[in-house]
Structure formats: C-alpha cells, structure tokens
Amino acid sequence: MASVPADAKSNMNVEHPTDAVRALFQSSFPTVERFAELLVAEGELRGLIGPRELPRLWSRHIVNSAAVLDFIPEHAQMLDIGSGAGFPGIVVAIARPDVDVHLVEPMARRCDWLEHVRSELDIKNVTIHEVRAEQLHGEGQSDIVTARAVANLKKLIPLAMPLVMSGGSMLALKGRKAADEVSASRPLFRRFQVDKVDIHEVASPMEDESTRVVELHKRR
C-alpha cells in the first residue's frame, strides 16, 4: 500500500483521529485509517482533495460521511451518487460490511481511484459504476440513495429519487442551510413521491458543528 514518507508527513498539517473517532468506527477503524492514509498519500496528486483539506480530512470528510450510518437499514442496497474520492460511499462500505454499496461516478480518473481503494483495502461489498446518475434511471432502484456535495435538493431530488425504491430513502448530507433547501424543494415532493422529510442533526466527535442528514422517504 502506498504511504507518505515520514519526513513528508512531518511537513503536512494532517489531522489525526481522536479516541472518540476510534470508538465511532470500532472494529472498522483500522481500515478507515488506511483509507485516510491513501488519501494523504495520493489524494492531492490525483486531484481528489486539495492541500487545504488535509488539516480537516477526518472531521470534514471521513467523520462527516459517517453521519449517514445510523439511517441505513441492515443488509440494505445503497447507491452513492457522485462518489468522487469515496465520500460517503467508501466510508459506509468499510463501516457497514452488511450493506451492498454501489458507487456512481461519471469521471474515469475518479473511478480508477475508487477501484484502487477497493483493491488496496480489499473491500468486498463495493460495485463501481462509471456513469452519470441519470443514466441509471429505469435500470433499477435501491433501498437507500446517498449524496454528498453533489447539488442542492432542488436539483438532487429529480436526479436521485427515481433511483430510490418504494419505501426507501434518499440521504443527503447537508450543512446549516438544510432546512432552507427542504423548503425550496417542496414543490417537487408530490411529483417524485416524497412522502416525508426528516432533518437529522448528527453531532460530530471532532468539532462543534453538526452534520445535517436530510432523509427523504419515498412513498410505498
């Protein structure tokens, strides 16, 4: 596995996980840590993460991605739209080996990265799709569809809800303006069979700011 030389690491202001983060991931923590090491070693070089993100790699990206974990049913099939560097899809796949995780990413170089991560970390429950999400409309539906930093809800609902099976949910990771996005997108709810919306505030073990998980339930 690729690693960062010790002298290079000393010149990086790379964030380190806390004991609370270790407790959050429990037995999956070593693999999550290896994922973080791969990102430190190759993320900037591959254009996946900027140097300014390294000081908050754990809090802003890895822990943030973990906010969806409690809202995914056991043994569910999950479709992650715009997986990019692997947030939240790879984090979920590592932490929840019971979940069948499908990563949807249209850019070839990012799919190459996701394949590299899957191979290096020996992740068995991941399938990678090099397509745009809308290309999958009519091809099948999943229990859960996740999205992080893809689009605002007005754009995300037409993209994601057709991929959610009846009775399933879309989980969108959002910031402080989550409620405003929900209000602005309400005219779309009936058309895309959104039955109910919950905004979950998930506290972070590393920072004061909570993550908002917007859960849109699809009508049965």
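**Exercise 1.** Determine from its relative accessibility whether Phe29 counts as buried or exposed, and then establish how Phe29 and Trp58 are arranged as an aromatic pair.

*Solution.* With a relative accessibility of 5%, Phe29 counts as buried (under 20% relative accessible area, with exposed over 50% and partly exposed in between, for a 1.4 Å probe and protein chains only). The model is a predicted one, in which local features need pLDDT of at least 70 and side-chain atom pairs pLDDT 80 or more, whereas totals for chains, interfaces and linings use all residues. Residues are numbered from 1 along each chain as its sequence is written, and side-chain values use heavy atoms, without hydrogens and water.

Trp58, at 3% relative accessibility, is likewise buried. The whole structure holds two aromatic pairs (ring centres of Phe, Tyr or Trp, the last by its six-membered ring, within 6.5 Å; stacked under 30 degrees, edge-to-face over 60, tilted otherwise). Phe29 and Trp58 form a stacked one, with 5.7 Å from centre to centre and 25° between the planes. Because Phe29 belongs to helix α3 (residues 29-43) and Trp58 to helix α4 (residues 57-65), this pair ties together parts that are 29 residues apart in sequence (helices are DSSP runs of H or I with at least four residues, strands runs of E with at least two, numbered from the N terminus).

**Exercise 2.** Describe the aromatic pair of Phe35 and Phe87, and state which residues Phe35 touches.

*Solution.* Phe35 and Phe87 form a tilted pair, 5.8 Å centre to centre, with 55° between the planes. Since Phe35 lies in α3 and Phe87 in the loop between β1 (77-81) and α5 (89-95), the parts that the pair ties together are 52 residues apart in sequence. Both Phe35 and Phe87 are buried, and a cis peptide bond, with omega about -5°, joins Phe87 to Pro88.

When residues up to four places away in sequence are not counted, the residues that Phe35 touches (heavy atoms within 4.5 Å) include Ala85, Phe87, Ile90, Trp113 and Leu121. Phe35 is also among the residues that touch the most other members of the largest nonpolar core, which has 48 residues (buried Ala, Val, Leu, Ile, Met, Phe, Trp, Tyr and Cys, joined through side-chain atoms within 4.5 Å). The largest share of this core, seven residues, is supplied by α3.

**Exercise 3.** Work out where His102 is placed, and what its side chain joins in a polar contact.

*Solution.* His102 sits in strand β2 and is buried, its relative accessible area being 13%. Its side chain is joined to that of His129 by a polar contact of 2.8 Å (N or O atoms within 3.5 Å, within protein one able to donate a hydrogen and the other to accept it, adjacent residues counting only through side-chain atoms on both sides). Leaving out residues up to four places away in sequence, His102 touches Gln77, Met78, Leu79, Asp80, Thr127 and His129.

**Exercise 4.** Identify which residues of α7 are buried, and which residue caps its N-terminal end.

*Solution.* The buried residues in α7 are Leu153, Leu156, Ile157, Leu159 and Ala160, and what covers them includes β1, β4 (142-148), β5, α8 and β7 (211-218). In the contact with α8, Leu153, Lys154 and Ile157 of α7 meet Glu181, Val182, Ala184 and Ser185. The cap at the N-terminal end of α7 is Asn152, with a side-chain oxygen 3.1 Å from the backbone nitrogen of Lys154. Ala149, in the loop between β4 and α7, has a positive phi of about 55° although it is not a glycine, and at 74% relative accessibility it counts as exposed.
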